[in-house]
Amino acid sequence: MSVVRSDPVGWLVDHQSYINQWYRCCHHSPPDARCHRYVFRAEYFDVEKPHIAEPGTPSQGSTASDRGLKGRKRKRKERELNQGEVEALEYHKRVSLAIQDGARKLVEHMEAQETGREGGSGQEMAVVLADSMLIELCSMAKHLSEEAQQQVQVITDESEAVLELLGRLTENSTGRARLVRLMGHHYLLPPRCSFLLSDISRVQLLLGYKKYDVITLDPPWENKSVKRSKGYSHLFPWQIRQLPVPLLSAPGCLVVCWVTNRQKHLHFVKEELYPSWSVHVVAEWHWVKVTRHGDFVVPLDSVHKKPYEILVLGRYMGSSAQQGGEDVITGNVTVPDRKLIVSVPCRLHSHKPPLGEVLKGLTRPHPECLELFARNLQPGWTSWGNEVLRFQHLSYFQQLGPEQGEHSCCDSQTHQPFDPSLPQQPFVEQ
């Protein structure tokens, strides 16, 4: 389970435990039939203290004389805020009090999480050299034959580790995690997942595969840091608008879009993007990032960054047809507004917390779920993007040693069919 506490104001989510529960039993390629156990490296969730100190708090290691010297520096002349900054400030004033009170309520009983202690607090994050390779491979895949790519590739217990993963819709049909290989690199696939590793030129390969009750997307928005970075690609608004969301949506589909704190992007989603997809805005939520002690990762009123991100929720209203012979009633379910999702954030860029459990009750039972612009895989979900395997790289995981009863996990999964919509036993590291 990802939700460790639920309250009328929102949910407290444990992202790391959610990941770890799916890799208690991982099979390598035949003939290796042993059960291997992996956990996501603890240092990636080691958020011990805020990134930026509260105003007036001395920085660590500074002395009174240092602060005196700094105080004598010439102050920059204050400039007037531009229109976007004015709108961002007004928006923050509207939501900050609810975020402060709601987050405090959710973390008031939060015990300091053990995140990061196994590997040592403050441990440096390892650099994974394969991160940029996926984008380059997807660019090359434009020249591959579409006819071969249209066939769904199903991974079974007998499948080899080396598969055609590039530009090919792939399913892990087993109830166990699997280790696969792409261009000499190893990736972990959670149980019962499907994915398409491609850029936007091949997104149409998803059409005809399934209709989805939940579609989430985290677009690569353009911003100043993106312009300065050569390793991060972005899309323009007109490109995002071209995504075939209406063709992928089941009646009453719940669409959830992650939005940065730039008001320009928020206006675009609400006033242009969703209307172009026949999606009606129904709610606005916030993801609040805290340390493992419950403090905001940056001060709530920080000028440079905010400890929250926005989620815009909408209903697809473009079809009133029936699906599977059953009346579709999800469109009549009221989506609560102003909810908070509070969690310790992953230190890796754009590794968002899971949403499946917090969206329960807002869709039909056992929904089909799709994540667009995904950078990792989830059990029971279809994921698409040119970095869809990024955080599945084996370098992000740590293999644990053998333990007593390791074969029993395979036996239990064999006799109990995997269902990602059902509560799973929380995974506690030994």
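Two strands pair if DSSP finds at least two bridges between them. I note too that strands (E, at least two residues) are DSSP runs, numbered from the N terminus.

**Setting up.** I am working with a predicted model, where local features need pLDDT of at least 70, side-chain atom pairs count only at pLDDT 80 or more, and totals for chains, interfaces and linings use all residues. Residues are numbered from 1 along each chain as its sequence is written, and side-chain values use heavy atoms, with hydrogens and water left out.

**Entry on strand S13.** I looked up the partners of S13 and found that strand S12 (residues 279-289) runs antiparallel to S13, with nine bridges joining them. In that pairing, Val279 has Tyr316 of S13 as its bridge partner. Strand S11 (residues 249-259) also pairs with S13 in the antiparallel sense, over six bridges. There I saw Cys257 matched with Val312 of S13.

Next I asked: how many residues of S13 are buried (under 20% relative accessible area, 1.4 Å probe, protein chains only)? For S13 (residues 308-316) I found nine of nine. In a regular strand, side chains alternate between the two faces of the sheet. Here one side of S13 holds Tyr308, Ile310, Val312, Gly314 and Tyr316, the other Glu309, Leu311, Leu313 and Arg315, and all are buried.

**Entry on His36.** I found His36 in the loop between strand S3 (26-27) and strand S4 (37-40). Why does His36 count as buried? Because its relative accessibility is 7%. The side chains of His36 and Gln399 share a polar contact (a pair of N or O atoms within 3.5 Å; within protein, one must be able to donate a hydrogen and the other to accept it, and residues adjacent in sequence count only if both atoms are side-chain atoms), here of 3.0 Å.

Key
Buried means under 20% relative accessible area, exposed over 50%, partly exposed in between (1.4 Å probe, protein chains only). Helices (H or I, at least four residues) and strands (E, at least two) are DSSP runs, numbered from the N terminus.
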